[in-house]
Amino acid sequence: MKRIVQDLRTFSRTDQAELQQVSLNDEIDRTLALIEPRLKGNEVIRDYGELPPVRCFAGQLNQVFLNLLMNACDALEGRGTIRIRTRAEPQGVVLVFEDDGPGMPPEVLSRIFEPFFTTKAVGKGTGLGLSISHGIVARHGGQMQVESSPGEGARFTIRLPLEPPPALEGRT
Ligand SMILES: Nc1ncnc2c1ncn2[C@@H]1O[C@H](COP(=O)(O)OP(=O)(O)OP(=O)(O)O)[C@@H](O)[C@H]1O
Ligand SMILES: [Mg+2]
């Protein structure tokens, strides 16, 4: 019990309102450890590159990773593969979350970042996950892109600068 509470606290960083320098590979691992029970039969492949530290609100970025991984689990229903790739670029880092689930038709794809847009049953999804995630990445000075088509799985690509824009300083 003590360990779970400790893990959760490190994950959400509720006690830290300051920007921190973190290794995002470690943060993704933290998130994966927390949702381990939800992964069920899905395989997770980690294809991590060496990343420079990123200054960010780590708890917020972990919420983004959590939502992407939960969405992949919902789509895969225990029968697929989640691949996470990370790499450094001259301007920052690139994080790719990919699944080989059912993917999305264009009319869904074009709306997934809208608040309250969900295709899940009433009471299962609020449709807020991706709109909140998009906002968090944007406030860190980054971008989130999606590629998907029916039967082709889904790929979410996040680009983040090593330093957030000055406006983020002191904000939670
Ligand atoms: N990996 C994925 N594969 C297929 N469809 C996806 C995937 N990720 C997101 N979606 C689609 O995008 C919609 C919006 O996702 P979002 O995370 O914003 O909300 P949600 O998961 O439905 O609800 P919440 O995250 O609030 O619990 C989902 O309902 C689903 O239709
Ligand atoms: Mg979601």
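G92 lies in strand 5 of this predicted model, and with a relative accessibility of just 4% it counts as buried. Setting aside residues up to four places away in sequence, G92 touches R87, L160, P161 and L162. A look further along the chain brings in I28, which is 64 residues from G92 in sequence; in space, the two C-alpha atoms are 16 Å apart.

R87, one of the residues touched by G92, also turns up in a salt bridge. Its partner is E89, and the closest N and O atoms of the pair sit 3.6 Å apart. Neither end is buried: R87 is partly exposed at 36% relative accessibility, and E89 is partly exposed too, at 24%.

Strand 5 runs over residues 92–99, and E98 belongs to it as well. E98 pairs up with R155 in a salt bridge whose closest N and O atoms are 2.7 Å apart. This pair ties together distant parts of the chain, since R155 is in strand 7 (residues 154–161) and 57 residues separate the two in sequence. The two ends differ in exposure. E98 has a relative accessible area of 17%, so it falls under the 20% limit and counts as buried, whereas R155, at 29%, is partly exposed. The pair is also part of something wider: R85, E98, E147 and R155 are linked in a network of salt bridges. Over the whole structure, a search finds twelve salt bridges.

D99, also in strand 5, is another matter. D99 is buried yet has no salt bridge. The nearest side chain of opposite charge is that of R155, 9.8 Å away, and a salt bridge needs a nitrogen–oxygen pair within 4 Å, so R155 is out of reach for D99. What the D99 side chain does reach is the backbone nitrogen of G101, at 2.9 Å. Apart from neighbours within four places in sequence, D99 is in contact with A72, L76, T81, G153 and A154.

D99 also shows up around ligand 1. In total, 19 residues surround the ligand, and the closest are D99, T118, T119, K120 and T126. Several polar atoms of the protein approach ligand oxygens. A polar side-chain atom of T126 lies 2.4 Å from one oxygen atom of ligand 1, and N67 likewise places a polar side-chain atom 3.1 Å from a ligand oxygen. With G129 it is the backbone that takes part, a polar atom there being 3.4 Å from an oxygen of ligand 1. Taken alone, the ligand exposes 610 Å², and the protein buries 90% of that.

K120, listed among the closest residues to ligand 1, has a salt bridge of its own. Its partner is D74, with the closest N and O atoms 2.8 Å apart. Here again distant parts of the chain are linked: D74 is in helix 3 (residues 58–76), while K120 is in the loop between helix 4 (106–109) and helix 5 (129–139), 46 residues apart. As for exposure, D74 has a relative accessible area of 24% and is partly exposed, and K120, at 30%, is also partly exposed.

How values were computed. Residues are numbered from 1 along each chain as its sequence is written. Chains are lettered from A and ligands numbered from 1 in the order in which they are written. This is a predicted model: local features need pLDDT of at least 70, side-chain atom pairs count only at pLDDT 80 or more; totals for chains, interfaces and linings use all residues. Side-chain values use heavy atoms; hydrogens and water are left out. Helices (H or I, at least four residues) and strands (E, at least two) are DSSP runs, numbered from the N terminus. Buried means under 20% relative accessible area, exposed over 50%, partly exposed in between (1.4 Å probe, protein chains only). Lys and Arg count as positive and Asp and Glu as negative; His and the chain ends are not counted. A polar contact is a pair of N or O atoms within 3.5 Å; within protein, one must be able to donate a hydrogen and the other to accept it, and residues adjacent in sequence count only if both atoms are side-chain atoms. Contact means heavy atoms within 4.5 Å. A residue is near a molecule or strand if one of its heavy atoms lies within 4 Å of it. Accessible areas come from the Shrake-Rupley method with a 1.4 Å probe; for residues, only the protein chains shown count as cover.
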